[in-house]
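This report looks at charged pairs, cysteines and two interior positions in a protein chain. The sequence and the model come first, and the discussion follows them.

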Amino acid sequence: IVYSPDYNITFMGLEKLHPFDAGKWGKVINFLKEEKLIADDLIVQAREATDEDLLVVHTRRYLNKLKWSFVVATITEIPPVAFLPNFVVQRKVLKPLRTQTGGTIMAGKLAVDRGWAINVGGGFHHCSSDKGGGFCAYADITLAIKFLFERVPGVSRATIIDLDAHQGNGHERDFMDDPRVYIMDAYNRYIYPGDGFAKRAIKRKVELEWGTEDSEYLQKVHTHVEGALNEFKPDIVVYNAGTDILDGDPLGGLAISPQGIVKRDEVVFRAARSRGVPVLMVTSGGYQKRTARIIADSILNLHSLGLLGRGRPACALGSPSMQNMVTDSAKDFSNLSLQ
């Protein structure tokens, strides 16, 4: 499990002007600690992605744009950010997002090493190499996959399973003509971003209606996840596990119960792990205060079912062998830079 306290965004209450709970990542970790699933020594500390890391995907022109506060205000959808000095924006808004991006890159290597990894943050699926939006300033999903392709032997094919309520147009644009990447995306067809061009990259498109409920949703997820993994044999699954599908979410427009979200994550992990395919999970969108508890409950469920372990067999998360593996892998991939 990858996390850093630096994930959380707090600055004079400005974070409250966006419906996103900018402290949900720390709350997830606290819930997991309360349940005795993890302790500090079992958390891989995410490191901030450097400019050098980001340039593996992003253009220098795009990164320079982030030096303008009004550009960041547009991307994060928090208008007052436009009036802050950029050094403050870099430290209080963009550094947390860069650290989460570094966490996703690290989690990719961890997943390959032991069959699974969960970055408690990340999932910025509206950002592509040259454009941000929808609270997504860095293309962490694209970066994680490209780092794996370039740095990890034996990883040359990836499947993205995007189950956030919104279309993942960022990674879709980045991998538009890349045959090494298979994209499944299930989303509310009527909401942001409605990116028709990006949809051309989706190999398995599941467009959902307003108010879709558990039974229909879970049946579609199960059918299409199984179909996607049968159709294309990846070396890693990147799972964008947005909780904005939750009933009552102000932006998602779907009606999935907390139990439905827990079951959805189980379906994805079971499908990948049963095939021996490593899975990297990122938490993406979710705009209600209760989503942190649901994410924690889902991770607890995955653990109780033996789906969090090395290889196909179950491995107890708290065992000494797991502690050693986490420590070894963290050392192995703590220096993110490709150079």
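## A network of salt bridges

Arg189, Lys199, Glu207 and Glu209 are linked in a network of salt bridges, a salt bridge being a side-chain nitrogen of Lys or Arg within 4 Å of a carboxyl oxygen of Asp or Glu. The model is a predicted one, in which local features need pLDDT of at least 70 and side-chain atom pairs count only at pLDDT 80 or more, whereas totals for chains, interfaces and linings use all residues. Residues are numbered from 1 along each chain as its sequence is written, and side-chain values use heavy atoms, with hydrogens and water left out.

Within this network, Arg189 forms a salt bridge with Glu209, the closest N and O atoms being 3.2 Å apart. The pair links distant parts of the chain, 20 residues apart, since Arg189 sits in the loop between strand S5 (181-188) and strand S6 (204-208), while Glu209 sits in the loop between S6 and helix H8 (214-231); helices (H or I, at least four residues) and strands (E, at least two) are DSSP runs, numbered from the N terminus. Arg189 is partly exposed, with a relative accessible area of 35%, and Glu209 is partly exposed, also with a value of 35%; on this scale buried means under 20% relative accessible area, exposed over 50%, and partly exposed in between (1.4 Å probe, protein chains only).

## Other salt bridges

Across the whole structure, the search finds 17 salt bridges. One of them joins Arg98 to Glu48, with the closest N and O atoms 2.8 Å apart. Here too the pair links distant parts of the chain, 50 residues apart, with Arg98 in helix H5 and Glu48 in the loop between strand S2 (44-45) and helix H2 (51-54). Arg98 counts as buried at 11% relative accessibility, whereas Glu48 counts as partly exposed at 31%.

What separates the N and O atoms where the side chains of Asp265 and Arg264 meet in a salt bridge? The distance for Asp265 and Arg264 is 3.0 Å. Asp265 is buried, with a relative accessible area of 2%, and Arg264 counts as buried at 0%.

## Cysteines without a disulfide

The structure holds zero disulfides, a disulfide being a pair of cysteine sulfur atoms within 2.5 Å. Why is Cys127 not bonded to Cys136? Cys136 holds the cysteine sulfur closest to that of Cys127, but the two sulfurs are 6.9 Å apart, which is too far for a bond. Cys127 counts as buried at 1% relative accessibility, and Cys136 counts as buried at 4%.

## Two buried positions

Gln100 is found in helix H5 (residues 86-114) and is buried, with a relative accessible area of 0%. Its side chain reaches the backbone nitrogen of Gly122 at 2.7 Å. Leaving aside neighbours within four places in sequence, Gln100 is in contact (heavy atoms within 4.5 Å) with Tyr7, Trp25, Asn119, Gly121, Gly122 and Phe124.

Val279, which lies in strand S8 (residues 279-282), counts as buried at 0% relative accessibility. The C-alpha atoms of Val279 and Arg114 are separated by 9.4 Å, although these residues are 165 residues apart along the chain. With neighbours within four places in sequence again left aside, the residues in contact with Val279 include Ala111, Gly115, Trp116, Ala117, Val237, Tyr239 and Phe269.

Terms used
A polar contact is a pair of N or O atoms within 3.5 Å; within protein, one must be able to donate a hydrogen and the other to accept it, and residues adjacent in sequence count only if both atoms are side-chain atoms.
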